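Hi,

Here is the structure we talked about, with my notes underneath. Have a look at it first, then read on.

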Amino acid sequence: MDAIVALAKRRGFVFPASDIYGGINGFWDYGPLGVALKNNIRDSWWRAMVECPPVGPDGEPLQIVGLDSSIIQNARAWEASGHVGGFSDPMVDCRESKSRYRADQLVCAPVQREDDESGEVLAWLAVAEGSEAPDDFRKRADKLLKKKGGGRSAAPAELVAFADLPTETRAQVMGPDASEPGTLTEPREFNLMFQTYVGALATEDTKTYLRPETAQGIFLNFRNVLDTSRVKVPFGIAQVGKAFRNEVTPRNFIFRSREFEQMEMEFFCHESEARQWYDFWKNERLRWWEGLGVSSDRLRLRDHDEDELAHYSSACVDVEYQYPFTAPNYGELEGIAHRGCHDLSAHTEHSNAKLEYFDPVKKERFTPHVIEPASGLTRAVLVVLCEAYTVDETRPSNELMKIPSRLAPIKVGVFPLVAKDGLPELARPIYEDLRQRWTAQYDAKQAIGKRYARMDEAGTPYCVTVDGDTKADGTVTIRDRDTGAQERVGSDRIVEYLTERLG
């Protein structure tokens, strides 16, 4: 993961926000290659969901329309949605290290001497969930025992969340960055929404929030879409946009950040058909990720246990990916939730607006149920980077990014072999032609091997090189990023050759 993060910054995929001021935790900027990659993923999702949505179980193409709602909404909307009262995480602070953790992601195990049959617990150790393997945990326990008279620790027992420990036991816990037990505070609720004020005065009447999800903007516009579009239930409303969560512990590069982008779709249907549509979207979304080029060996569907479900949800499944920092376990990439009619009903109650649907055929008025496929666009960028990162010691640069061609920020590089002998004059017209069709880059500096290496690290699928033979017979060398193979192609066939491979 460290290598991926280093390459991402070096090549201009992702930078720490406010980098020249030391950064700001949980915020990231997307550089020239990163914004292009992100936009290509976004466009692929928008194409699959809005411009050419999938065919439903009845063989008919689905109706899905687009929306771009405001980041700041009336504060009452967030009261109705439950975010003001219930959108929080239990937070724990360490008095010694000044670090902050989520209580449900701080896992603990007792420290016991290996040769002590009494099972006496000398202390408890806490680690951030997923941050340390059992062997690392044991090393830390052995280090603690040296302070207490020596001996080896017993194998760590099953880990327990800090929040689940009895209050009296919590005082014996040593935090992940602490040197002594008893420095962790009791958990307390911490609302994740960023608060702001609208207008000249910062008062309770002008207080509102940056949206923590894009979904509520869709529910608020349900009636507007019905009144202005020719959609009929079942139908969907899709949106891509920024969301903000004041995460207690942002971590793992862009996996968990405080500003991120979501790709969400709310699919409105009759209650009697909701389970069918839930099953449809569960399989459809997994298929889309595989079609994006993500290895099926690192993808899985995980159904939520009953204690994980929101109170209004009857079912939820996550599309999970095996990230380098979770392996051999998985982390969330997308959630597909059966939200019932909770959101439309809540906004109806709080706004007095009737968010219902009237079926003219069945003469039935009802509040639709909702199936929500919601994925993180920024997490999608992370997954593509993780999938693409490849080490090949035989290359000029031993690192390359095998980004799928349709997502690649730069599709083709054009090089004169040397910046003399009339080769730039032959290469420039080729570049000018190709850039009308694909994102192309012209590069005439440094040795050809270094130029290939730059393109490999940027994930560019093909490079076209003009050399001395081009002057003699009109052919160029086209190099394949993934294989390193080179092929001579006539200048008049370059577009045809690349079209067959890039589309």
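To start with the sheets, two strands count as paired if DSSP finds at least two bridges between them. Helices (H or I, at least four residues) and strands (E, at least two) are DSSP runs, numbered from the N terminus. Before going further: this is a predicted model, so to speak of its ground rules, local features need pLDDT of at least 70, side-chain atom pairs count only at pLDDT 80 or more, and totals for chains, interfaces and linings use all residues. Residues are numbered from 1 along each chain as its sequence is written, and side-chain values use heavy atoms, with hydrogens and water left out.

**The five-stranded sheet**

Five strands make an open sheet with mixed pairing, in the order S24-S23-S25-S26-S27. Its edges are strand S24 (440-442) and strand S27 (486-490); each has a single partner strand, so one side of each has no neighbour in the sheet. From one strand to the next, the twist averages 25 degrees. Angles here run from 0 to 180 degrees between N-to-C directions, and axes are lines fitted to C-alpha atoms, for helices over the stretch in contact.

At one end of the order, strand S26 (residues 475-480) pairs with S27 in the antiparallel sense, over five bridges. Arg479 has Gln486 in S27 as its bridge partner.

Which helix packs on this sheet and touches S23, S24, S25 and S26? That is helix H12 (residues 423-434), whose direction makes about 165 degrees with that of strand S23 (412-416). Contact means heavy atoms within 4.5 Å. Helix H13 (residues 448-458) lies across S23, S24, S25, S26 and S27, and runs at about 170 degrees to S23.

**The seven-stranded sheet**

A further open sheet has seven strands in the order S3-S13-S14-S20-S17-S16-S15, again with mixed pairing. Strand S3 (64-66) and strand S15 (299-303) are the edges here, each with a single partner strand, so one side of each is left without a neighbour in the sheet. Neighbouring strands are turned by 20 degrees against each other on average, direction ignored.

Going in from the S3 edge, S3 and S13 are parallel, paired over three bridges, and Val65 has Ile237 in S13 as its bridge partner. S13 then pairs with S14 in the antiparallel sense over 10 bridges; one bridge there sets Ala238 against Met265 in S14. Nine of the 10 residues of S13 are buried, so the strand is largely enclosed by the rest of the structure. For the cut-offs, buried means under 20% relative accessible area, exposed over 50%, and partly exposed in between (1.4 Å probe, protein chains only).

At the S15 edge, five bridges join S15 to strand S16 (residues 315-321), and the two run antiparallel. Asp303 stands opposite Val317 in S16. Helix H9 (residues 274-291) lies across S3, S14, S15, S16, S17 and S20, running at about 160 degrees to S17.

**Rings**

Rings of Phe, Tyr and Trp (its six-membered ring) pair if their centres lie within 6.5 Å; planes under 30 degrees apart count as stacked, over 60 as edge-to-face and the rest as tilted. The whole structure has 19 aromatic pairs. One of them is Phe222 with Phe235, stacked at 6.2 Å centre to centre and 15 degrees between the planes. This pair links distant parts of the chain, 13 residues apart: Phe222 is in helix H8 (residues 222-228) and Phe235 in strand S13 (residues 235-244). Both are buried. Ring pairs also join Phe222 and Phe235 with Phe219 and Phe268 in a cluster.

Tyr323 and Phe325 are stacked too, because their ring centres are 5.1 Å apart and their planes at 15 degrees. Tyr323 is buried at a relative accessible area of 0%, and Phe325 also counts as buried, at 17%.

Two arginines sit over rings, by the test that NZ of Lys or CZ of Arg is within 6 Å of the ring centre and within 35 degrees of the ring normal. The charged end of Arg379 is 3.8 Å from the ring centre of Phe255, and Arg170 lies over the face of Phe162 at 5.7 Å.

**Cysteines**

How many disulfides does the structure hold? Zero, with a disulfide taken as a pair of cysteine sulfur atoms within 2.5 Å. For Cys341, the nearest cysteine sulfur is that of Cys269, 11 Å away. Cys341 is partly exposed at 26% relative accessibility, and Cys52 is partly exposed at 44%.

Cheers
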